[in-house]
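User: Could you walk me through the labels used for this model and the reasoning behind each one?

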Amino acid sequence: MVKLNKIYTRTGDDGSTGLVDGSRTAKHSARIVAIGKVDEANSSIGLAAAALGESEHAAALFRIQNDMFDLGADLATPSEDGDFAPSEMVLRVVASQVAWLEQAIDALNEGLEPLTSFVLPGGSEAAARTHVARAASRAAERAVVALGDSEPINPQALAYINRLSDYLFVLARVLNDNGCADVKWVPGANR
């Protein structure tokens, strides 16, 4: 259980921040940039969920937001030896979280007509917010990949953030009247 009595600690005034293992790193390190991008994506998902009221899609986004905190905790727990097994002391993204996203993508995509064009990120307000969350999740994915170029990261964490943007894309289409209200890209339309 997390308990935060005091919000500021002053320990980061030197430009560093603490990781789960007790070590400290620069606030501009690849690890902290990745964690920050995951937080930005999570906030964007919250904004999308706010447009959905009490619906099954909002509930799915709330579940994903919880998983995104798991992802942040995973990234905040370095593993020098590449051991990414979860334990009572170490929270890791696991294969079942990735599998849930894949099943959710398949279920949403089942009722959609195949795409015949790229779609512009818009349509209904809910779809537009979901597209913003999708773009933020892609930025988070790029940051996680960049971290993985220099330090070991959990392969399931990378798989999760990769699937997330696919889920959000398909959800945006569903929110656009099952794709009927998608705004199609017309190449060269304004030449």
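Analyst: Happy to; what follows takes a cavity and some salt bridges in turn, and please keep in mind that this is a predicted model.

User: How many cavities of 30 Å³ or more are counted?

Analyst: The count is one cavity of 30 Å³ or more. The space in the largest cavity is about 30 Å³.

User: Which residues line the largest cavity, and what classes do they fall into?

Analyst: Among the lining residues are Arg 31, Asp 74, Leu 75, Phe 84, Arg 92 and Asn 154. By class, the lining holds five nonpolar, three polar and three charged residues. Asp and Arg count as charged, so Arg 31, Asp 74 and Arg 92 belong to that class.

User: Why is the contact between Arg 92 and Asp 74 called a salt bridge?

Analyst: The closest N and O atoms of Arg 92 and Asp 74 are 2.9 Å apart. The cut-off is within 4 Å, for a side-chain nitrogen of Lys or Arg and a carboxyl oxygen of Asp or Glu, so the pair qualifies. Arg 92 lies in the loop between helix H2 (56-75) and helix H3 (95-109), and Asp 74 lies in helix H2, so the pair ties together parts that are 18 residues apart in sequence. Both Arg 92 and Asp 74 are buried.

User: What makes Glu 125 exposed and Arg 129 partly exposed?

Analyst: Glu 125 has a relative accessible area of 54%, and exposed means over 50%, so the label fits. Arg 129 has 22% relative accessibility; buried would need under 20%, so Arg 129 counts as partly exposed. Their side chains meet in a salt bridge at 2.6 Å, N to O. Both residues lie in helix H4 (residues 125-150), four residues apart, about one turn of the helix.

User: How do you know that Glu 141 and Arg 138 form a salt bridge, and is each one buried or partly exposed?

Analyst: The closest N and O atoms of Glu 141 and Arg 138 are 2.5 Å apart, and the limit is within 4 Å, so this is a salt bridge. Both lie in helix H4, three residues apart, about one turn of the helix. Glu 141, at 13% relative accessibility, counts as buried, whereas Arg 138, at 28%, counts as partly exposed. Salt bridges that share partners join Arg 138, Glu 141 and Asp 166 into one network.

User: How many salt bridges does the whole structure have?

Analyst: A search of the whole structure finds eight. In general, side chains of opposite charge can pair when their charged atoms come close.

Note on methods: Residues are numbered from 1 along each chain as its sequence is written. This is a predicted model: local features need pLDDT of at least 70, side-chain atom pairs count only at pLDDT 80 or more; totals for chains, interfaces and linings use all residues. Side-chain values use heavy atoms; hydrogens and water are left out. On a 1 Å grid over the protein atoms alone, a cavity is a set of points where a 1.4 Å probe fits but cannot get out, and a pocket is an open set with protein on both sides within 12 Å along at least five of seven lines; lining residues have an atom within 4 Å of a point. Grid points are joined across faces, edges and corners, and a volume is the space filled by probe spheres set on the points. Helices (H or I, at least four residues) and strands (E, at least two) are DSSP runs, numbered from the N terminus. Buried means under 20% relative accessible area, exposed over 50%, partly exposed in between (1.4 Å probe, protein chains only).
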